[in-house]
Amino acid sequence: MKAYEQVQLNALGDVTRRMLLERLRRGPLPVGELARGLTVSRPAVSQHLRVLKEAKLVRDEAAGTRRYYSLDPKGFEALRKYLDNFWGEALEAFQAKVEEK
């Protein structure tokens with residue numbers, strides 16, 4: 001496993017970060033809107049976003065005095081490639097098992 005893959009998987013291990021990613025599926029949002037309704041503080045949301053940004057799962061863009069966060073397709077593409085390796089191996093194992101009979 002490459003270091004960036006480990007960072008991405010670790011970032012996905014937290015329920016709050018997964019909730020933030022779900023909210024960003026609908027489009028870019030500022031921190032205040034992302035934090036609305038969560039049980040963690042706005043500064044905590046900013047820290048979670050920093051982790052997601054370091055994992056290359058989100059990116060941010062300044063618009064006036066606000067920063068808008070959005071999903072980073074490149075990071076998800078790399079993560080998907082990593083996970084696809086497991087899927088291919090699982091299918092091969094399934095095929096081998098079926099062909100045994």
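## A walk through the fold

Start by selecting residues 3-12 and 73-100: these are helix α1 and helix α5, which pack at an angle of about 100° with their axes 10 Å apart. Keep in mind as you go that this is a predicted model. Angles from 65 to 115 degrees count as roughly perpendicular, and α1 and α5 are therefore roughly perpendicular to each other.

Now show the side chains where these two helices touch. On the α1 side, pick Y4, E5, Q8, L9 and L12; on the α5 side, pick G75, A78, L79 and Y82. If you colour this α1–α5 contact by class, you get six nonpolar residues, two polar ones and one charged one.

**Zoom out to the whole chain**

Next, show everything as a cartoon. What does the secondary structure of the protein chain come to? Five helices and three strands. Trace the chain from the N terminus and you'll pass the elements in the order α-α-β-α-α-β-β-α. The radius of gyration is 17 Å, well over the 13 Å that the globule rule gives for 101 residues, so the chain is more spread out than a compact globule. Along the principal axes, the C-alpha atoms fill a box of roughly 65 × 25 × 25 Å.

Want to try a longer selection? Highlight residues 1-91, where UniProt, in an unreviewed entry, places the feature "domain: HTH arsR-type". That span is 63% helix and 15% strand, and its end C-alpha atoms lie 20 Å apart.

**On to the sheet**

Time for the strands. The three of them form an open sheet with antiparallel pairing, and their order in the sheet is β1-β3-β2. Which strands sit at the edges? Select 29-30 for β1 and 58-63 for β2: each of these pairs on one side only.

Add β3, residues 66-71, and look at how β1 runs antiparallel to it, with two bridges joining them. You can find both partners in β3: L29 is bridged to Y69, while P30 is bridged to Y68.

Then swing over to β2. Six bridges join β2 to β3, and these strands also run antiparallel. Click on R59 and look for its bridge partner S70 in β3. Do likewise with D60, and you'll land on Y69. That tyrosine, Y69, is worth a label, as you have already met it as the partner of L29.

Follow the chain from β2 into β3 and you'll go round a hairpin with two residues between the strands. Stop at G64 in the turn, where phi is positive at about 70°.

**Last stop: α2 and its neighbours**

Select residues 15-24 to bring up helix α2. This helix lies across β1, β2 and β3, and runs at about 90° to β3.

Now add helix α4, residues 42-54. The axes of α2 and α4 come within 10 Å and cross at roughly 80°. How are these two helices placed relative to each other: roughly parallel or roughly perpendicular? With that crossing angle, α2 and α4 are therefore roughly perpendicular.

Show the contact residues to finish: T16, R17, L20 and L21 come from α2, and V45, H48, L49, V51 and L52 come from α4. Sorted by class, this α2–α4 contact has six nonpolar, two polar and one charged residues.

Notes:
Residues are numbered from 1 along each chain as its sequence is written. Side-chain values use heavy atoms; hydrogens and water are left out. Two strands pair if DSSP finds at least two bridges between them. Helices (H or I, at least four residues) and strands (E, at least two) are DSSP runs, numbered from the N terminus. Contact means heavy atoms within 4.5 Å. Axes are lines fitted to C-alpha atoms, for helices over the stretch in contact, and angles run from 0 to 180 degrees between N-to-C directions. Angles under 35 degrees count as roughly parallel, over 145 as roughly antiparallel, 65 to 115 as roughly perpendicular and the rest as oblique. Ala, Val, Leu, Ile, Met, Phe, Trp, Tyr, Cys and Pro count as nonpolar, Asp, Glu, Lys and Arg as charged, and the others, Gly among them, as polar. UniProt positions are given in the numbering used here, feature names are shortened, and annotations may be inferred rather than shown by experiment. The radius of gyration is taken over C-alpha atoms; the globule rule is 2.2 Å times the number of residues to the power 0.38.
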